[in-house]
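Biologist: I've got a model to go through with you, and I'd like the reasoning along with the values. Can you pull it up?

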Amino acid sequence: MTENWHQNLKNKNREELIAAAKELFMKQSFLKVNVKDVCNVAGVSRVTFYKHFQSMNELIFEVQMEILESMTEFVRRAPSAEMSGKEMLTSMLDAWIDYAWQHPEYIKFILLFDLHYEAYDSNQELKEQYKNFVSRGKERHFLMDALEAGFQDGSLKSDTEPLKTAHFIFTSMMGILQKMSLTSRDDWNNELDDIQIANRFVGMLIQYLSPESDKSPTFQAGVPCRNPKDSRSSDGVK
């Protein structure tokens with residue numbers, strides 16, 4: 001019983017440190033937060049901090065992974081069992097926009113993390129741990145169930161490389177939502193414009209993926225192919 005009590009306390013302290021760090025990171029740049037700040041909010045000593053984390057960088061990585069898991073789980077839960085693949089994907093992308101609107105500070109944190117990732121003075125083991133975390137998510141992408149369901153039920157057109165399509169959607173959505181996260185809540189007009197842009201992107205994406213709306217039957221490497229007869233200039237899709 002004593003061993004269980006100590007383990008529960010240890011887990012509780014770790015959770016409190018992560019929660020404290022997240023609270024501070026959402027209010028200001030994590031580059032300005034130090035160990036003392038986190039310990040003060042969590043109500044624990046520096047000794048307790050270093051029992052769980054070797055450095056602030058390790059805690060920053062932990063918060064990043066927790067936010068990504070929270071976001072993807074929120075999106076994953078959006079569709080219901082009776083939906084077609086197309087309806088599943090639409091509901092997931094709509095939920096993603098809703099999550100970003102509810103938690104702009106989380107999306108902004110992901111953006112800041114990405115911008116500073118290569119500059120982190122963290123050990124190779126920590127970077128390898130995060131790399132493995134990202135790789136696991138890519139191997140079984142959270143959008144794959146909806147895409148595969150759509151291919152099978154015919155509500156989405158055939159795709160030769162669905163995993164690359166999932167990565168394309170993720171990168172595009174995050175770019176739009178990160179832009180949205182930078183808009184002040186006091187600037188209602190710009191915030192509304194950002195939401196409309198995100199909704200329009202979802203609509204255009206679903207329309208393109210629908211079998212009846214495009215003559216091209218597949219994606220190439222996860223990137224929409226332009227009709228060669230289309231005279232519009234090519235702006236490229238990254």
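Biologist: Is Phe49 buried or exposed?
Modeller: This is a predicted model, so let's fix the rule: with a 1.4 Å probe and protein chains only, under 20% relative accessible area is buried, over 50% is exposed, and in between is partly exposed. Phe49 comes out at 0% relative accessibility, so the label is buried.

Biologist: What kind of aromatic pair do Phe49 and Phe53 form?
Modeller: Phe, Tyr and Trp rings (Trp by its six-membered ring) pair if their centres lie within 6.5 Å; planes under 30 degrees apart are stacked, over 60 edge-to-face, the rest tilted. Phe53 is buried too, at a relative accessible area of 0%. The centres of the Phe49 and Phe53 rings sit 5.8 Å apart with planes at 45°, so the pair is tilted.

Biologist: How many aromatic pairs are there, and what is the geometry of Phe49 with Tyr50?
Modeller: The count comes to 15 aromatic pairs. For Phe49 and Tyr50, the ring centres are 5.1 Å apart and the planes make 80°, which is edge-to-face.

Biologist: Which rings are linked into a cluster?
Modeller: Here the ring pairs join up, using that same 6.5 Å centre cut-off. The linked rings are Phe25, Phe30, Phe61, Phe109, Phe113, Tyr130 and Phe133.

Biologist: What are the ground rules behind these values?
Modeller: Residues are numbered from 1 along each chain as its sequence is written, and side-chain values use heavy atoms, with hydrogens and water left out. Since the model is predicted, local features need pLDDT of at least 70 and side-chain atom pairs count only at pLDDT 80 or more, while totals for chains, interfaces and linings use all residues.

Biologist: Which residues have the most contacts inside the largest nonpolar core?
Modeller: Such a core is a set of buried Ala, Val, Leu, Ile, Met, Phe, Trp, Tyr and Cys residues joined through side-chain atoms within 4.5 Å. The largest one has 64 residues, and the best connected inside it are Val38 and Trp96. Its largest share, 10 residues, comes from helix H4 (residues 56-76). So much for the setting; the names you wanted are Val38 and Trp96.

Biologist: Leaving aside neighbours within four places, what is Val38 in contact with?
Modeller: Contact here is heavy atoms within 4.5 Å. By that test Val38 touches Leu17, Ala20, Ala21, Leu24, Val33, Phe49, Met56 and Leu59.

Biologist: Which residue does Lys22 meet in a salt bridge?
Modeller: The rule asks for a side-chain nitrogen of Lys or Arg within 4 Å of a carboxyl oxygen of Asp or Glu. Lys22 lies in helix H1 (residues 2-27) and counts as buried at 15% relative accessibility. The partner is in helix H4, 44 residues away, and is partly exposed at 29%. With N to O at 2.6 Å, that partner is Glu66.

Biologist: What is the closest N and O distance between Glu62 and Arg14?
Modeller: This pair also links distant parts of the chain, with Glu62 in helix H4 and Arg14 in helix H1, 48 residues apart. Arg14 is partly exposed at 27% relative accessibility. The closest N and O atoms are apart by 3.1 Å.

Biologist: How many residues apart are Lys27 and Glu23?
Modeller: Their side chains meet in a salt bridge of 3.3 Å, N to O. Lys27 is exposed at 63%, whereas Glu23 is partly exposed at 38%. Both lie in helix H1, about one turn of the helix, at a spacing of 4 residues.

Biologist: Which helices do the buried residues of H8 pack against?
Modeller: Helix H8 (residues 144-153) has Met144, Ala146, Leu147, Ala149 and Gly150 as its buried residues. They pack against helix H5 (85-102) and helix H9 (162-181).

Biologist: How many helices and strands are there?
Modeller: Helices are DSSP runs of H or I, at least four residues, and strands are runs of E, at least two, numbered from the N terminus. The count for the protein chain is 10 helices and 0 strands.

Biologist: Where is the pLDDT below 50?
Modeller: pLDDT is the predictor's confidence in each residue, from 0 to 100. The chain averages 83, and 81% of the residues score at least 70. The stretch below 50 has 32 contacts beyond near neighbours in sequence, and covers residues 217-238.
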